[in-house]
Amino acid sequence: MHRIRERIYKVLFTLLAFASLLFLVGITLTLFIEGLPVFKEVGFFDFVLGKSWYPTYEPPDFGILPLILGSLWVTAGAVLFCVPVGVGSALFINELAGKRLKAVLKPIIEILAGIPSIVYGFFGIVVIAPFIQRLLNLPVGLTAFTGSLMLGIMATPTVCSISEDALSFVPRSFREASLAVGANRWQTLTRVVFPASASGISTSIILGMSRAVGETMTVLMVTGGAAVIPHTLFQPVRPMTSTIAAEMGEAVMGSTHYHSLFAIGLILFFITLIFNVIAELVSRRFRKKLGLGR
Amino acid sequence: MFKSKIAITVLAAVLCVGLMISVPTFAAKSLTIKGSTTVLPIAQSCAEAFMDMHSDVNISVQGGGSGVGIASLIDGTCDIADASRPIKDKELVKAKENGVQAYENVVALDGIAVIVHPSNPVDGLSIEQIKKIYTGEISNWNEVGGKNMKITVISRDSASGTFETFNELALDKEKVRADALLQASNQAVAQAVSRTPGAIGYVGLGYLSSSVKGVDVDGVEPTKENVVNGSYNLARKLFMYTNGAPAGVVKAFIDFVLSEKGQELVEKAGYVPLI
């Protein structure tokens with residue numbers, strides 16, 4: 001009797017554990033089934049490298065290069081912001097802050113991660129966009145840069161807390177050895193601690209990037225939404241995510257437009273997948289280097 | 001023992017979820033309305049008033065866009081599809097394939113107002129000028145009697161009903177310049193225009209507010225009177241599509257929307273009543 005019960009539990013929990021795999025397979029399949037027809041109807045290269053996005057005109061244009069570049073520009077801008085701030089605060093928390101300061105700072109940075117993205121959007125529209133417009137005398141404040149700034153703030157907690165973990169994984173002996181041979185704190189930090197945790201910090205940056213590239217609501221609200229190939233950070237762009245969010249509700253089901261939105265999702269999925277694989281590879285190297293076989 | 005308690009709890013939770021999914025919610029009569037976000041405020045306020053009068057009817061109102069509403073009507077997941085554009089031929093074909101006969105009910109009128117920043121001295125534009133601005137032929141306000149200032153063109157997402165109507169009424173289906181800012185809702189357009197001195201945008205008449213300036217189109221002021229008397233050129237009909245001519249509770253609801261009380265709610269929502 002007992003054994004049967006145990007077996008039932010085992011099956012039940014195995015099923016639950018595999019549920020996320022099921023979801024992953026389901027989502028991937030849906031993306032492929034709904035997205036692939038576009039490559040047949042439009043052609044893979046015309047779709048990915050096409051320069052104009054006019055999905056509802058007669059005849060329509062389904063070129064998503066402006067959208068891909070929009071996403072990449074905004075993400076690159078976000079990296080420029082979140083890397084110095086995130087890694088910098090991680091260094092401060094780990095190396096300089098006392099125990100009490102650390103106990104206050106870390107949770108505060110993590111609260112940033114808990115703010116809903118639509119709130120970031122409001123903040124961007126109402127405060128940041130008009131400010132940037134006046135500051136730089138631009139015709140309009142809804143630009144790639146505005147989006148970058150918001151995404152940078154959003155990705156900071158990811159970068160900071162993973163970097164901080166990486167820094168704290170550096171064995172105490174490394175620091176002690178460095179200080180013992182007469183290096184000062186700055187030298188220890190830049191020549192020993194930083195290189196030892198470099199791949200962990202890289203992982204944090206890549207994960208921050210995949211957070212930024214997949215963000216939807218904020219960029220929909222603050223980047224303006226113009227589907228042009230961007231030449232500077234200070235012009236409106238239309239990232240892939242906001243295109244899907246804005247147009248899915250109105251696309252005629254089963255049309256090329258509808259399928260092309262899924263195809264954009266598919267490409268986005270591959271971009272974040274690549275980010276995540278790179279992050280995993282880099283962090284594996286990092287663990288090996290420190291002799292942490294985890 | 002402790003382990004098995006957890007397991008039983010989990011099992012119970014799974015069962016409960018299963019039950020919730022499998023048992024349909026029972027209501028005397030239920031009605032699902034889905035579609036255009038432009039028609040949403042009308043559907044919402046009419047549904048509330050209708051449910052106050054008929055306590056046995058339960059109406060659920062959802063947005064999603066004209067396309068979503070019509071698609072739901074076609075696959076049978078809603079009873080009334082709100083649309084801010086007439087049904088497309090493609091959708092009619094699809095409906096026929098599914099054995100659905102889309103029946104058109106005009107429930108209100110909507111004017112599209114062309115808006116600029118309040119500080120902009122331009123008071124009126126012709127449809128021809130609006131077209132040239134949106135297609136990129138005119139890119140400075142001084143070409144239409146304004147200051148020497150770059151025009152920032154703000155449009156709705158090309159899949160929205162408001163865009164489609166504007167595109168047909170004002171642009172002859174020509175392409176909006178590629179660097180136009182595309183916003184996802186009427187409010188977002190009004191918001192962006194009110195914060196951008198050189199901007200031009202367009203919104204439903206109901207979204208005109210003091211934070212933006214509505215310009216005359218072809219010399220006609222964007223007012224409700226001018227939409228009803230037909231002199232304002234940027235106006236359109238709003239629809240509620242049903243499967244076949246309305247009957248039963250669907251008919252009761254449509255009749256209510258078209259009644260004096262319903263049209264009052266239409267006006268309150270910022271649109272132009274039919275009567």
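**Figure 1. Chain B in overview.** Buried residues make up 47% of the 275 residues in chain B. The model shown here, as in every view below, is predicted. Chain B has 10 helices and 11 strands. Take its contacts with a separation of 6 or more: residues 24 or more positions apart account for 71% of them.

**Figure 2. Strands β1 and β2 of chain B pair side by side.** Strand β1 covers residues 29-35 of chain B, and strand β2 covers residues 57-64. In which sense do β1(B) and β2(B) pair? They pair in the parallel sense, over 7 bridges. One place to look is Lys29(B), whose bridge partner in β2(B) is Val57(B).

**Figure 3. A helix joins the picture in a β-α-β unit.** Helix α2 of chain B spans residues 40-53. Together, β1(B), this helix and β2(B) make a β-α-β unit. The unit is right-handed.

**Figure 4. Strand β1 of chain B also pairs with strand β3.** Strand β3 of chain B runs over residues 80-83. How many bridges link β1(B) and β3(B)? There are 3, and the pairing is parallel. To find one matching position, locate Ile33(B): opposite Ile33(B), in β3(B), stands Ile80(B).

**Figure 5. Ile42(B) in the largest nonpolar core.** In soluble globular proteins, nonpolar side chains tend to be buried together. Here, the largest nonpolar core has 147 residues. Which residues have the most contacts inside this core? They are Ile42(B), Val114(B), Ile115(B), Ile154(B), Val193(B) and Tyr241(B). Now focus on Ile42(B). Set aside its neighbours within four places in sequence, and Ile42(B) is in contact with Val107(B) and Ala108(B). Its other contacts of this kind are Leu265(B), Val266(B), Ala269(B) and Tyr271(B).

**Figure 6. Asn137(A), a loop residue with a positive phi.** Asn137(A) sits in the loop between α5 (117-136) and α6 (144-169) of chain A. Its phi is positive, at about 55°, although Asn137(A) is not a glycine. Is Asn137(A) buried or exposed? A residue counts as exposed if 12 or fewer other C-beta atoms lie within 10 Å of its own. Asn137(A) has 7 other C-beta atoms within 10 Å, so it is exposed.

**Figure 7. Asp172(B), a loop residue of chain B.** Look in the loop between α6 (161-169) and β7 (181-183) of chain B to find Asp172(B). Asp172(B) is not a glycine, yet its phi is positive, at about 50°. Asp172(B) is exposed because it has 10 other C-beta atoms within 10 Å.

Definitions and conventions
Residues are numbered from 1 along each chain as its sequence is written. Chains are lettered from A and ligands numbered from 1 in the order in which they are written. This is a predicted model: local features need pLDDT of at least 70, side-chain atom pairs count only at pLDDT 80 or more; totals for chains, interfaces and linings use all residues. Two strands pair if DSSP finds at least two bridges between them. Helices (H or I, at least four residues) and strands (E, at least two) are DSSP runs, numbered from the N terminus. A crossover is right-handed if, with the strands pointing away from the viewer, the path from the first strand over the helix to the second runs clockwise. A residue is buried if 20 or more other C-beta atoms lie within 10 Å of its own, exposed if 12 or fewer, and partly exposed in between; C-beta atoms are placed from the backbone. A nonpolar core is a set of buried Ala, Val, Leu, Ile, Met, Phe, Trp, Tyr and Cys residues joined through C-beta atoms within 7 Å. Two residues are in contact if their C-beta atoms, placed from the backbone, lie within 7 Å.
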